[in-house]
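Subject: Structure for you to look through

Hello,

I am passing on the structure we talked about, and below it I have written down what was found. Please keep it open beside you while you read.

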Amino acid sequence: MSAASIPLPLARAARFYGSTLGKKAIMALTGFIGFGFVIGHLLGNLQFYLGPEALNAYGAKLRDLGPILGVVRGVLLLAVVAHILAAFQLWRQNRRARPSRYVKWSPTKSSYASRTMLWSGPILFFFILYHLMHLTWGSAHPDYRHLASGSPDVYHNVVAGFSQPLAAGAYILAMVFLGFHLVHGVWSMFQSIGWSHPRYTPLVKSFATGVAALIVIGNISIPVAVLLGFYQR
Ligand code: HEM
C-alpha cells in the first residue's frame with residue numbers, strides 16, 4: 001500500500017502515535033484500563049472473606065459471561081501490550097535525547113518517578129506471568145483443584161497457594177511494587193491529560209496515594225489472612 005492510499009484517520013492516528021504526546025496518551029489510556037481492572041479485581045478478591053461458596057460462585061459467574069469475558073480479556077491483553085510498547089519506546093526516545101550519559105547525574109523528582117516506573121513495571125510484568133501460572137492455569141501451584149462442575153475451586157486454590165510462605169511472600173512484595181507503580185502511574189496519567197495545575201497537585205497526589213494504599217492493603221490482607229489461619233474452612 002502506498003502512503004497516499006492509507007486512509008486519512010489511520011494516517012493521522014499513526015502521526016499522533018509517532019509524537020511523544022501520542023505515546024503518553026496511549027500510556028494514560030491503557031494505564032487507566034489497567035487501573036480499572038485492578039480495582040475491580042480487588043473487589044472480587046475481597047469476596048474471599050465471604051467464604052468458599054461466595055468466592056467460587058463469583059468465579060463461576062464471571063466464567064458464565066462467556067463471550068463478554070473473552071472481549072474483556074482481549075481488551076486487557078491489548079492494553080497491557082500497548083502500555084509496555086509505548087513505555088519502551090518513550091524510554092528509548094528519552095535515552096537518545098539525553099545529551100551525554102557522562103554528565104554529572106543529579107536526581108530530580110521527575111527522574112525519581114520515571115526510575116520507579118522503570119523497575120516496578122518489569123517486576124509487575126513477571127508477577128502477572130507467575131500469578132497466571134499460579135492461580136489461573138495452575139501450572140505453578142502445589143495443589144490446583146477443580147470443583148465437580150469443572151470450574152476451578154478458586155477458594156481452595158487461594159488457600160493452598162498462600163499456605164506456602166514463599167508464594168505468599170512473593171505476592172506481598174509484588175503488591176508493594178504495585179503500590180509504587182500505581183502512585184506514580186496515576187500521578188503521570190493526570191499530568192498527561194493536562195491536570196498539572198499547582199492548585200490540583202496536592203489533591204492528585206493524595207488521591208493517587210490513597211487509592212494505591214487501599215489496593216495494596218486490600219490485596220496483601222489475603223495472603224496474610226491465610227498465613228495467620230484467618231479463613232473459613
Ligand atoms: C493478593 C492479590 C491477588 C489475589 C488473591 C488474586 C487472585 C486471583 C485469582 C484467584 C484468579 C483466578 C480467578 C479464576 O480463575 O476464577 C486471578 C486471576 C487474575 N489476576 Fe489476580 N489476584 C491478586 C492480584 C492481582 C494483581 C495485582 C493483578 C494485576 C496487576 C492480577 C491480575 C490477574 C489477572 C490478569 C487474572 C486473569 C483474569 C482472567 O481470567 O481473565 N491479580 N487472580
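Before the ligand is discussed, one term is needed: a residue is counted as near a molecule if its C-beta atom, placed from the backbone, lies within 6 Å of it. Please also keep in mind that this is a predicted model.

Taken as a whole, the chain has eight helices and zero strands, and its C-alpha atoms fill a box of roughly 60 × 50 × 35 Å along the principal axes. Of its 233 residues, 19% count as buried, while 73% of the contacts with a separation of 6 or more are between residues 24 or more positions apart.

Turning to the ligand, there are 18 residues around it, of which Gly59, Arg73, Leu135, Asn219 and Ile222 come nearest. Two or more residues of this shell come from each of α2 (20-45), α5 (109-136), α6 (154-162), α7 (165-192) and α8 (201-227), and it is α5 that gives the most, with five residues. Sorted by class, the shell holds 11 nonpolar, six polar and one charged residues.

One helix pair is also worth following in the model. Helix α1 (residues 8-18) packs against α2 at an angle of about 90°, with the two axes 4 Å apart, and because of that angle α1 is described as roughly perpendicular to α2. On the α1 side the contact is made by Phe16, Tyr17 and Gly18, and on the α2 side by Gly22, Lys23 and Ile26; these residues divide into three nonpolar, two polar and one charged.

Best wishes

Note on methods:
Residues are numbered from 1 along each chain as its sequence is written. This is a predicted model: local features need pLDDT of at least 70, side-chain atom pairs count only at pLDDT 80 or more; totals for chains, interfaces and linings use all residues. A residue is buried if 20 or more other C-beta atoms lie within 10 Å of its own, exposed if 12 or fewer, and partly exposed in between; C-beta atoms are placed from the backbone. Two residues are in contact if their C-beta atoms, placed from the backbone, lie within 7 Å. Ala, Val, Leu, Ile, Met, Phe, Trp, Tyr, Cys and Pro count as nonpolar, Asp, Glu, Lys and Arg as charged, and the others, Gly among them, as polar. Axes are lines fitted to C-alpha atoms, for helices over the stretch in contact, and angles run from 0 to 180 degrees between N-to-C directions. Angles under 35 degrees count as roughly parallel, over 145 as roughly antiparallel, 65 to 115 as roughly perpendicular and the rest as oblique.
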